[in-house]
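Here is a friendly tour of one chain, best read with the viewer open beside the text. We begin with a single residue and work outward from there.

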Amino acid sequence: MDKLEWLASKIVEWGNLILWDYVLIYLLIGAGIFFTLRSKFVQFRLFGDMFKVISEEALEQSGKKGTNAFQAFSITIASRVGTGNLAGVALAVAIGGPGAVFWMWVIALIGMATAFIESTLAQVYKVPDKDGFRGGPAYYMEKALGQKWLGILFSILITITFGFIFNAVQANTISAAVEQAFNIDKVWTGIILVVLAGLIIFGGIKRIASVAGVIVPIMAVIYMAVALYVVFTNITAIPDVFMLIIKNAFGLEEVFGGGAGAAMMYGIRRGLFSNEGGMGSAPNAAATAGVNHPVKQGLVQSLAVFFDTIVICSLTAFIIILYDNFYQASEDGIQLTQVALSAHVGEWASIFLAITIFFFAFSSVIGNYYYGETNVSFLNPKGIWVNVYRVVVLGMVMFGSLASIQIVWDMADLFMAMMAVVNLIAILLLSKIAMDVLQDYVKQRKQGTDPTFHYKNIKGLKNISWWGAQEKKK
């Protein structure tokens with residue numbers, strides 16, 4: 001058995017090396033640049049629109065009413081903003097140096113265009129269901145490309161990655177943090193997580209959206225407030241922090257980390273893991289929104305990438321770089337974040353971060369769960385399979401609370417890389433449709449009207465005839 005485990009770990013390690021170091025990074029960066037140029041820098045020229053559309057109420061479309069724009073935003077933020085924003089950033093800075101932050105920013109800014117494309121497509125090809133709407137990469141692979149087998153493959157990959165493995169990892173992080181901060185046995189933490197998650201996920205997308213819409217904003221605001229306090233109390237040092245980040249990013253400041261190469265690699269990987277732009281996960285939540293034009297949800301999900309990386313991850317990075325003993329610190333990951341924040345605000349920071357991790361990671365559990373649910377529904381829409389999936393998810397949450405699962409995390413990396421490759425190929429093939437939909441939005445916007453989508457105005461669209469009667473909430 002030991003030999004089998006060793007062989008399995010080597011296969012997973014080799015797969016991750018090939019996909020992450022030689023395929024996915026270049027594919028994601030290339031696609032991001034391509035979408036940025038082809039959309040004429042949509043993430044910058046329509047940045048103001050992102051804040052307008054995120055506050056819009058859900059519309060009734062063909063007798064169905066989905067989530068509102070902010071709830072869809074919260075579901076994706078629930079998945080994006082997790083322990084990686086606190087621990088992963090610290091790891092990237094500790095190994096790659098402060099310059100990793102610069103490359104994290106770069107990958108997020110171009111990733112905003114990729115997120116826009118995939119979420120716009122998800123809206124175009126969403127389908128009505130009993131709770132409102134569902135959709136995502138599997139749906140546009142089947143309806144737009146006519147390749148259902150590709151949709152099935154993607155559905156399997158995302159269900160395993162997010163629904164099972166990532167949820168086990170998040171639960172493991174929660175139980176470890178709670179045990180360290182409060183000395184509570186992992187068994188009890190696991191039981192509490194299973195009960196809380198069960199109450200939410202068995203309530204359907206409406207309850208998931210409602211809970212995410214409460215937890216995510218509250219915890220994000222509290223964490224940002226503490227982080228901004230650190231920044232403002234060290235405001236005179238901020239220009240030096242920016243200079244250090246830029247110098248280290250280009251190899252001009254070699255006193256820490258592995259130089260420009262390490263800064264670039266770790267910054268890019270941290271950015272990709274954190275914002276998920278192009279991974280194909282966020283479009284599943286984007287499809288749930290009831291909007292009068294698909295581009296609006298594309299803009300909302302582009303903003304989610306900005307918020308996740310440019311705001312949350314940057315604040316974590318500033319906390320660490322402003323720490324006086326940063327260069328001499330022996331800790332990495334969440335421990336480095338805890339030590340740095342404690343030095344800034346006091347010993348209570350360790351408990352504060354444990355609570356923050358609990359809520360961030362728990363919101364990730366319910367966000368990840370929904371990504372799997374909508375793809376289980378694609379594979380088999382009968383209700384019994386969704387309930388079976390829910391039970392297995394809760395089992396993985398309990399397993400993750402108790403286990404040491406490095407090999408499982410490595411497998412998640414592998415499955416997520418395969419999932420991203422499949423999705424990126426699909427959205428590159430469908431980019432013309434997304435661009436035509438974007439032009440339709442911009443044209444109506446220039447005319448001074450609230451853009452409303454009519455599928456017959458876009459050449460080549462098929463299998464979306466339900467995008468008919470839609471009316472605003474009266």
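## A serine to start from

S363 sits in helix α16, which covers residues 348-379. Please keep in mind that the model is a predicted one. Is S363 buried or exposed? Its relative accessibility is 1%, and since buried means under 20%, S363 counts as buried. Setting aside residues up to four places away in sequence, S363 touches A78, V81, I215 and V216.

## Helix α4

One of those partners, A78, is also among the buried residues of helix α4. This helix takes in residues 69-80, and its 12 residues should span 16 Å at 1.5 Å a residue. The C-alpha atoms at its ends are 16 Å apart, so the model agrees with that expectation.

How much of α4 is buried? The count is 10 of the 12 residues, so the helix is largely enclosed by the rest of the structure. The buried residues are A69, A72, F73, S74, I75, T76, I77, A78, S79 and R80. At the start of α4 there is also a polar detail to look for: a side-chain oxygen of N68 comes to within 3.1 Å of the backbone nitrogen of F70.

## The chain as a whole

Stepping back, the secondary structure of the chain consists of 19 helices and 5 strands. The chain has 474 residues, and 59% of them are buried.

Contacts across the sequence can be summarised too. Taking contacts between residues at least 6 apart in sequence, 83% join residues at least 24 apart.

## Residues paired across the sequence

W20 belongs to helix α1, residues 2-38. With a relative accessible area of 0%, W20 is buried. Its C-alpha atom is 8.4 Å from that of L414, although the two residues are 394 apart along the chain.

T120 lies in helix α6, and because its relative accessibility is 0%, T120 counts as buried. In sequence T120 and P294 are separated by 174 residues, yet their C-alpha atoms are 5.2 Å apart in space. Apart from neighbours within four places in sequence, T120 is in contact with P294, V295, G298 and V437. Within the helix region, the T120 side chain reaches the backbone oxygen of F116 at 2.8 Å.

V339, in helix α15 (residues 333-345), makes a useful further example. Its relative accessible area is 26%, so V339 is partly exposed. V339 and N325 are 14 residues apart along the chain, with 9.7 Å between their C-alpha atoms.

## Two helix packings

Two packed helices are described by the angle between their axes and the distance between the axes. Helix α6 (residues 99-124) and helix α11 (residues 238-249) have axes that come within 6 Å and cross at roughly 85°. That makes α6 roughly perpendicular to α11. Which residues meet at this crossing? From α6 they are G99, A100, V101, F102, W103 and W105, and from α11 they are F242, I245, I246, N248 and A249.

The other pair is helix α8 (residues 148-182) with helix α9 (residues 186-201), packed at an angle of about 130° with axes 9 Å apart. The two are therefore oblique to each other, and their crossing is right-handed. On the α8 side, A171, I174, S175, A176, V178 and E179 take part, meeting K186, T189 and L193 of α9.

## Positive phi in two loops

Most residues other than glycine have a negative phi. Where, then, is N183, whose backbone goes the other way? N183 is in the loop between α8 and α9, and its phi is near 55°, a positive value in a residue other than glycine. Its relative accessibility is 68%, so N183 counts as exposed.

K40 has a positive phi as well, of about 60°, and K40 is not a glycine. This residue is placed in the loop between α1 and α2, the latter being residues 42-45. With 60% relative accessibility, K40 counts as exposed.

Terms used
Residues numbered from 1 in each chain as written. Predicted model: local features only at pLDDT ≥ 70, side-chain atom pairs only at ≥ 80, totals over all residues. Heavy atoms only, no water. Helix = DSSP H or I, 4+ residues; strand = E, 2+ residues; numbered from the N terminus. Buried < 20%, exposed > 50% of the residue type's maximum accessible area, 1.4 Å probe, protein only. Expected span 1.5 Å × (residues − 1). Polar contact = N/O pair within 3.5 Å; in protein donor to acceptor, adjacent residues only side chain to side chain. Axes fitted to C-alpha atoms, helices over the stretch in contact; angles between N-to-C directions. Parallel < 35°, antiparallel > 145°, perpendicular 65-115°, else oblique. Left-handed = near helix turned anticlockwise from the far one by under 90°. Contact = heavy atoms within 4.5 Å.
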